[in-house]
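Me: I'm in my first year and still learning to read protein models. Could you take one part of this one and walk me slowly through its surroundings?

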Amino acid sequence: MTETTKTHVILLSCGSFNPITKGHIHMFEKAREYLHKTGRFIVIGGIISPVHDSYGKPGLVSSRHRLTMCQLAVQSSDWIRVDPWECYQDTWQTTCSVLEHHRDLMKRVTGCILSNVNTPSTTPVIGQPQNQTPPIYQSHNNMNHKPTAIKLWGKISESLGKICCVRPHVDRFTFVDENANLGTAMRYEEIELRILLLCGSDLLESFCIPGLWKDSDMEVIVGDFGIVVVPRDGADTERIMNHSSILRKYKDNIIVVKDATNHPMAIVSSTKSRLALQHGDGHVVDYLSQPVIDYILQSQLYINASG
């Protein structure tokens, strides 16, 4: 498959990020690496969407802190960004509504409809350029030598910056009304674009808990969007999927990241990170990046058992 015929993917991860760990970033990296190896996908961007304060989880610190920690964790990444939309709403949002928000947002930015896993778009998601300049993928004027997929994400992010927060400064988030006039929609070379939910096998397993998720939401998440699962240590994803009728129904929409190496997905655990901080455990450096640790200590977060 050529680069333009592959499905271009934006990975979206929802969660508390209380705090964000090295494992969360590791999930993005492993997922992108695996999707590229399949030869069917190009990951052009990643979005971290921290949960709203009203989620009600014990020990959940303010979104102001969680957004800043997330931004610190991805400050060196050229493809993962932090989005504050979910935190800025009046109340808690379902994962389904967050996915739909980003789908609609991308539609507004690109001027076209994003495809889903069941009905790939017959109309290009991102259309032909409106001027006669060379298409992005054929441009030889690559001044920064970055991959073309990253360049495309950068172009989309520039337009997204007009209506939402894209890679904001650590100390302050700027949020512009989504009804702002965008002018002419940006259009690029013809590609197919999808948003996929990125999660660990623990979230996949939660789909099997009766009453925890609405069936209608699961149908949209797995049926319309699709998910990429990075298994945590020893998780039997096949067994988990067979345990749910909806997961079985949309099994082809679930991409399980397979990795021959033994990567410690246990470091995804924010709970272990908080416990290490409370007990002064030096192993916290295995869980959290140094800028995040510095911010936590400066802000005195999670130090008390109650936090």
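Reply: Let's take strand E1, which covers residues 7-15. In this predicted model, E1 is mostly covered, with 8 of its 9 residues buried. To see what surrounds E1, start with the sheet. Six strands make up an open sheet, and their order is E3-E2-E1-E4-E5-E6. The pairing in this sheet is parallel. As a bit of background, strands of a sheet pair through backbone hydrogen bonds, and the pairing can be parallel or antiparallel. Read along that order and you find E1 between E2 and E4. The edges belong to strand E3 (80-82) and strand E6 (254-256); each has a single partner strand, so one side of each has no neighbour in the sheet. The sheet is not flat either: on average, neighbouring strands are turned by 25° against each other, direction ignored.

Now look at the two partners of E1 in turn. With strand E2 (residues 41-50), E1 pairs in the parallel sense over 9 bridges. You can find one such spot at Thr-7, which stands opposite Phe-41 in E2. With E4, E1 pairs in the parallel sense over 6 bridges. Here Thr-7 appears again, as its bridge partner in E4 is Glu-192. A little further along, Val-9 stands opposite Arg-194 in E4.

E4 deserves a moment of its own. It is largely enclosed by the rest of the structure, because 9 of its 9 residues are buried. In a regular strand, side chains alternate between the two faces of the sheet. You can follow that pattern here: Glu-192, Arg-194, Leu-196, Leu-198 and Gly-200 point one way from E4, while Leu-193, Ile-195, Leu-197 and Cys-199 point the other way. E4 also pairs with E5 in the parallel sense, over 4 bridges, and Gly-200 stands opposite Val-230 in E5.

Next, the helices. Helix H1 (residues 22-38) lies across E1, E2, E3, E4, E5 and E6, and runs at about 160° to E2. Helix H7 (residues 215-225) also packs on the sheet, where it touches E4, E5 and E6. The direction of H7 makes about 130° with that of E4. Together, E1, H1 and E2 make a right-handed β-α-β unit.

H1 also leads us to helix H2 (residues 63-73), which has 10 of its 11 residues buried. H1 is among the elements that cover the buried residues of H2, and E2, E3, helix H3 (85-88) and helix H12 (290-299) are included too. At the start of H2, a side-chain oxygen of Ser-62 reaches to within 3.1 Å of the backbone nitrogen of Arg-64.

Finally, what about the cysteines? A disulfide is a covalent bond between the sulfur atoms of two cysteines. A search of the whole structure finds 0 disulfides. Cys-14 is buried, with a relative accessible area of 18%. The closest cysteine sulfur to that of Cys-14 is in Cys-199, and at 9.9 Å it is too far for a bond. In H2, Cys-70 is among the buried residues, and its relative accessible area is 0%. Its sulfur is 8.2 Å from the closest cysteine sulfur, in Cys-87, which is again too far for a bond.

Methods. Residues are numbered from 1 along each chain as its sequence is written. This is a predicted model: local features need pLDDT of at least 70, side-chain atom pairs count only at pLDDT 80 or more; totals for chains, interfaces and linings use all residues. Side-chain values use heavy atoms; hydrogens and water are left out. Two strands pair if DSSP finds at least two bridges between them. Helices (H or I, at least four residues) and strands (E, at least two) are DSSP runs, numbered from the N terminus. Axes are lines fitted to C-alpha atoms, for helices over the stretch in contact, and angles run from 0 to 180 degrees between N-to-C directions. Contact means heavy atoms within 4.5 Å. Buried means under 20% relative accessible area, exposed over 50%, partly exposed in between (1.4 Å probe, protein chains only). A polar contact is a pair of N or O atoms within 3.5 Å; within protein, one must be able to donate a hydrogen and the other to accept it, and residues adjacent in sequence count only if both atoms are side-chain atoms. A crossover is right-handed if, with the strands pointing away from the viewer, the path from the first strand over the helix to the second runs clockwise. A disulfide is a pair of cysteine sulfur atoms within 2.5 Å.
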